[in-house]
Amino acid sequence: MTEAEDRQRLLSYVTEARWFGGKGRSAELTGVSALPWLTEAGSWPAVRVEIVEINYLADTATGSAAESGPSEFYQIPVSYRPAPHPDWHFAEIWRIDDPELGPVVGYDAVYDPQACQLLLAQLLRQARSHDGETSTSFHLTDRGALTGTEEPEVFAGQQSNTSIMFGQLAMLKVFRRLELGHNLDIEVHEALSRDGIADVAKLFGWFEGSWRQGDTEVTADLGMLVERFKQAEDGWGLALDSLSERKEFATEAAALGRALAEIHGALRTSFPTGQLTGAAVAATMAERVHRAAAIAAPLRDLVPGLLRCFDALAGQQLSVQRVHGDFHLGQTLRTPDGWKIIDFEGEPAKTLAERSAPDSVWRDVAGMLRSFDYAAASVPGAAGAEWAAACRSAFLEGYTGRLSPEELIMLQAYEADKAVYEVIYEVRNRPDWVNIPLAAVAAIANSSAAAGS
Ligand SMILES: Nc1ncnc2c1ncn2[C@@H]1O[C@H](COP(=O)(O)OP(=O)(O)O)[C@@H](O)[C@H]1O
Ligand SMILES: O=P(O)(O)O[C@H]1O[C@H](CO)[C@@H](O[C@H]2O[C@H](CO)[C@@H](O)[C@H](O)[C@H]2O)[C@H](O)[C@H]1O
């Protein structure tokens, strides 16, 4: 194979992967940075992390340049073997003649148990590998009961990254689309673990890589090792079951409200806090709705009602702090020890700066209320409206108790803002679902318009 064909194989592996974020866009491979070998020369498999840089091309079909944009970095830990493995065709990235290894087959290392065990071992001994201008460093914050002999198994469910379970004890989340700098999920798990907050998985460790990008050295977090929750059941699935079986969910909703309040309290002490004027928050929300209406035509008639809802914030001061940022039932796991909250990376469409900026706690409260509405709308004929209303009041009661008139105004603005975000999310990802958030936007817009008329 020529070098161009090898690069094409690598590009295809990335763009066809479930975790590739640029589906439907024309992508080209603009660089590959190989981090240092994690294994001794001459031992198999030979393992290292490779960072693939992807650039998006302008959409030639529409003549628009809007589809191009900043490059993205994707991580593939690669396990090289001297001969093909009969069962791993699905995980094969490429076959190359490597200058150091000779002819080898490169596999996505998350599917190679030996390579996974090596990653765990590197974490447990806080290994650091350095080669010229690249490095990989592993950090251990708590070893728990880990011995390093735990059996690895790739998580089979839907996710945007790839997680490897180590026995019943730990989970290594290998980040796929990388962001330069420190990962928010690690940052929050680290802070909450330090505070002993049991609603969130304990952080055991993490690893990072550095490489040269043009003239500068860049660093990104590559993965985190956390406590694995035993017998964890996904909150979204449980909510749908409760609707289909016509069982109440209000007790669970109240417990979720209490868990969120505890997490917010801990985040307030570990991260910066501040104040925003209601006018500033309303202006940001208004800008978002105008942008959304340019993409989703059905929003256009609802804009005046939404602006009225946001304008009701004027004159208020909002306390802001680190929040979850994308709190919904799919980010909750029920375990025998109570509800656990996962995935503190915020809304995927926002920049890192937006996702780490202090925000109002009403963003997360609104997120969960929207999720009750989604669940109710997803199970036809199941008395969804009453179910969602009961969950709503129990969750709010669990979170805070009675809301003041000012808090109700803030909550409604954040619910509207979230539902607008969801309309765009659904248009882009699941057009069949768009009527769920659209109905919520219409209800809020029309009630605000009526109140103001
Ligand atoms: N600490 C944990 N213990 C057990 N399972 C977990 C844990 N964290 C996440 N999971 C499972 O992994 C899935 C994906 O996790 P998530 O953090 O949302 O990954 P991603 O960011 O890649 O989408 C969750 O839906 C849950 O089923
Ligand atoms: O991938 P993430 O979990 O970070 O979140 C994105 O995808 C979610 C869907 O998987 C999306 O959530 C929306 O749909 C849920 C039902 O599937 C519902 O419970 C949520 O309330 C609703 O917002 C989320 O918005 C998006 O950021």
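Domain bounds here come from an automatic or database domain assignment. Keep that in view for the first stops. The model is predicted.

**Stop 1: the two domains**

Colour the protein chain by domain. Domain 1 covers 3–227, and domain 2 covers 233–452. Their centres, taken over C-alpha atoms, are separated by 32 Å. Twelve residues from domain 1 and 17 residues from domain 2 make up the contact. Now select the side of domain 1 that touches domain 2. Seven of its residues are nonpolar, one is polar and four are charged.

**Stop 2: ligand 1**

Centre on ligand 1. Where does ligand 1 lie relative to domain 1 and domain 2? Both domains give residues to the shell around ligand 1, so ligand 1 lies between them. Show the 17 residues around this ligand; Gln 159, Asn 161, Ala 201, Phe 229 and Asp 343 come nearest. Colour the shell by class. You should find eight nonpolar, five polar and four charged residues.

**Stop 3: ligand 2**

Move to ligand 2. There are 13 residues around ligand 2. The nearest are His 328, Arg 370, Ser 371, Tyr 374 and Glu 422. Two elements, helix 9 (362–378) and helix 11 (405–429), each give two or more residues to this shell. Which helix gives the most to the shell around ligand 2? Select helix 9: with three residues, helix 9 gives the most. By class, the shell around ligand 2 divides into five nonpolar, four polar and four charged residues.

**Stop 4: helix 9 against helix 4**

Keep helix 9 selected and add helix 4, residues 235–244. Their axes are 9 Å apart, and the packing angle is about 50°. Angles that are not under 35 degrees, over 145 or from 65 to 115 count as oblique. Helix 4 and helix 9 are therefore oblique to each other. Their crossing is right-handed. Show side chains at the contact. Helix 4 brings Trp 236, Ala 239, Leu 240 and Leu 243. Helix 9 brings Ala 375, Ala 376 and Ser 378. By class, the contact of helix 4 with helix 9 has six nonpolar residues, one polar residue and no charged residues.

**Stop 5: helix 9 against helix 10**

Hide helix 4 and bring up helix 10, residues 384–399. How are helix 9 and helix 10 oriented to each other? They pack at an angle of about 160°, with axes 9 Å apart. Angles over 145 degrees count as roughly antiparallel. Helix 9 and helix 10 are therefore roughly antiparallel to each other. This crossing of helix 9 and helix 10 is right-handed. On the helix 9 side, select Val 365, Met 368, Leu 369, Phe 372, Asp 373, Ala 376 and Ala 377. On the helix 10 side, select Gly 384, Ala 385, Trp 387, Ala 388, Cys 391, Arg 392, Phe 395 and Tyr 399. The contact of helix 9 with helix 10 counts twelve nonpolar, one polar and two charged residues.

**Stop 6: helix 10 against helix 5**

Stay on helix 10 and add helix 5, residues 250–270. The axes of helix 5 and helix 10 come within 7 Å and cross at roughly 35°. The crossing of helix 5 and helix 10 is right-handed. From helix 5, pick Ala 250, Ala 253, Ala 254, Ala 255, Leu 256, Gly 257, Arg 258, Leu 260 and Ala 261. They meet Ala 390, Cys 391, Ala 394, Phe 395, Leu 396, Glu 397, Gly 398 and Tyr 399 in helix 10. By class, the contact of helix 5 with helix 10 has 13 nonpolar, two polar and two charged residues.

**Stop 7: two backbone details**

Most residues other than glycine have a negative phi, and most peptide bonds are trans. Go to the loop between strand 1 (27–34) and strand 2 (46–56), where Pro 45 sits. A cis peptide bond joins Trp 44 and Pro 45, with omega about -5°. Next, find the loop between helix 2 (113–124) and strand 6 (128–131), and select Gln 126 there. Gln 126 is not a glycine, and its phi is positive, near 50°.

Methods
Residues numbered from 1 in each chain as written. Chains lettered and ligands numbered in written order. Predicted model: local features only at pLDDT ≥ 70, side-chain atom pairs only at ≥ 80, totals over all residues. Contact = placed C-beta atoms within 7 Å. Nonpolar A, V, L, I, M, F, W, Y, C, P; charged D, E, K, R; others polar. Near = placed C-beta within 6 Å. Helix = DSSP H or I, 4+ residues; strand = E, 2+ residues; numbered from the N terminus. Axes fitted to C-alpha atoms, helices over the stretch in contact; angles between N-to-C directions. Left-handed = near helix turned anticlockwise from the far one by under 90°.
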